[in-house]
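Hi everyone, thanks for making the time. I'd like to walk you through a structure that's new to most of you, so let's get it up on the screen.

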Amino acid sequence: QVRLVESGGGLVQVGGSLRLSCAASEGTFSFNTYTMGWFRQAPGKEREFAAAISWSGTTFYADSVKGRCTISRDNAKKTVFLQMNSLKPEDTAVYYCAVRYLQRYSGITDQGRYDSWGQGTQVTVSS
């Protein structure tokens, strides 16, 4: 079981930037074989997909963050990042990192398809 630890959240003003990190401990297979995803849960709302990066480096974004956020990974450091720019109040949420072991593009935005989750990091955007 891969263990995930997020960091980098905090309080930022509208229009500001944050870079979230998610460090993974080694599981059965190498980190570079996993799909990594970022999901977020705003107060009073369901958790939703934000971004994902496949084992091959293909990236996926929710429409709500596309153009403002960039997901990337450093396989040597077993870490995935989410660079968030031009932040808006509606980006306020707890951001969760998740890992999917199966190498398949189908369902990559579906949180039910992910196998392990971090504890989350709070992002608050003030206006």
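Before we go along the chain, one bit of vocabulary: when I say strand here, I mean a DSSP run of E with at least two residues, and strands are numbered from the N terminus. Also keep in mind that what you're looking at is a predicted model.

Okay, so what does the chain consist of? There are 11 strands and zero helices. If you read off the elements starting at the N terminus, you just say β over and over: β-β-β-β-β-β-β-β-β-β-β.

Now the overall form. The C-alpha atoms fit a box of roughly 45 × 25 × 25 Å along the principal axes. For 127 residues, a compact globule would come out with a radius of gyration near 14 Å, and this chain has 14 Å, so the two agree. As for contacts, take those with a separation of 6 or more: 59% of them join residues 24 or more positions apart.

What about inside and outside? Of the 127 residues, 43% count as buried. The chain exposes about 6300 Å², with carbon and sulfur atoms supplying 47% of that. On the charge side, we've got 14 positive and 10 negative side chains, and the centres of those two sets are 4 Å apart.

Let's zoom in on the cysteines. How many disulfides are there? The count comes to one disulfide. The partners are Cys22 and Cys97, with their sulfur atoms 2.1 Å apart. Cys22 sits in strand β3, residues 18–24, and Cys97 in strand β9, so to speak 75 residues down the road, and the pair links distant parts of the chain. The link is left-handed, with -80° about the S-S bond. Are these two buried or exposed? Cys22 is buried at a relative accessible area of 0%, and Cys97 is buried too, at 0% relative accessibility.

Then there's Cys69, which is in no disulfide: the nearest cysteine sulfur belongs to Cys97 and is 14 Å away. Cys69 counts as buried because its relative accessible area is 6%, and the cut-off for buried is under 20%.

One last stop: Asp91. Where is it? You'll find Asp91 in the loop between β8, residues 79–84, and β9, residues 93–100. This aspartate is buried, with a relative accessible area of 2%. Leaving out residues up to four places away in sequence, Asp91 touches Arg40, Arg68, Ser86, Val123 and Val125.

That's my tour, thanks for listening.

Conventions:
Residues are numbered from 1 along each chain as its sequence is written. This is a predicted model: local features need pLDDT of at least 70, side-chain atom pairs count only at pLDDT 80 or more; totals for chains, interfaces and linings use all residues. Side-chain values use heavy atoms; hydrogens and water are left out. Helices (H or I, at least four residues) and strands (E, at least two) are DSSP runs, numbered from the N terminus. The radius of gyration is taken over C-alpha atoms; the globule rule is 2.2 Å times the number of residues to the power 0.38. Buried means under 20% relative accessible area, exposed over 50%, partly exposed in between (1.4 Å probe, protein chains only). Contact means heavy atoms within 4.5 Å. Accessible areas come from the Shrake-Rupley method with a 1.4 Å probe; for residues, only the protein chains shown count as cover. Lys and Arg count as positive and Asp and Glu as negative; His and the chain ends are not counted. The place of a charge is taken as NZ of Lys, CZ of Arg, CG of Asp or CD of Glu. A disulfide is a pair of cysteine sulfur atoms within 2.5 Å.
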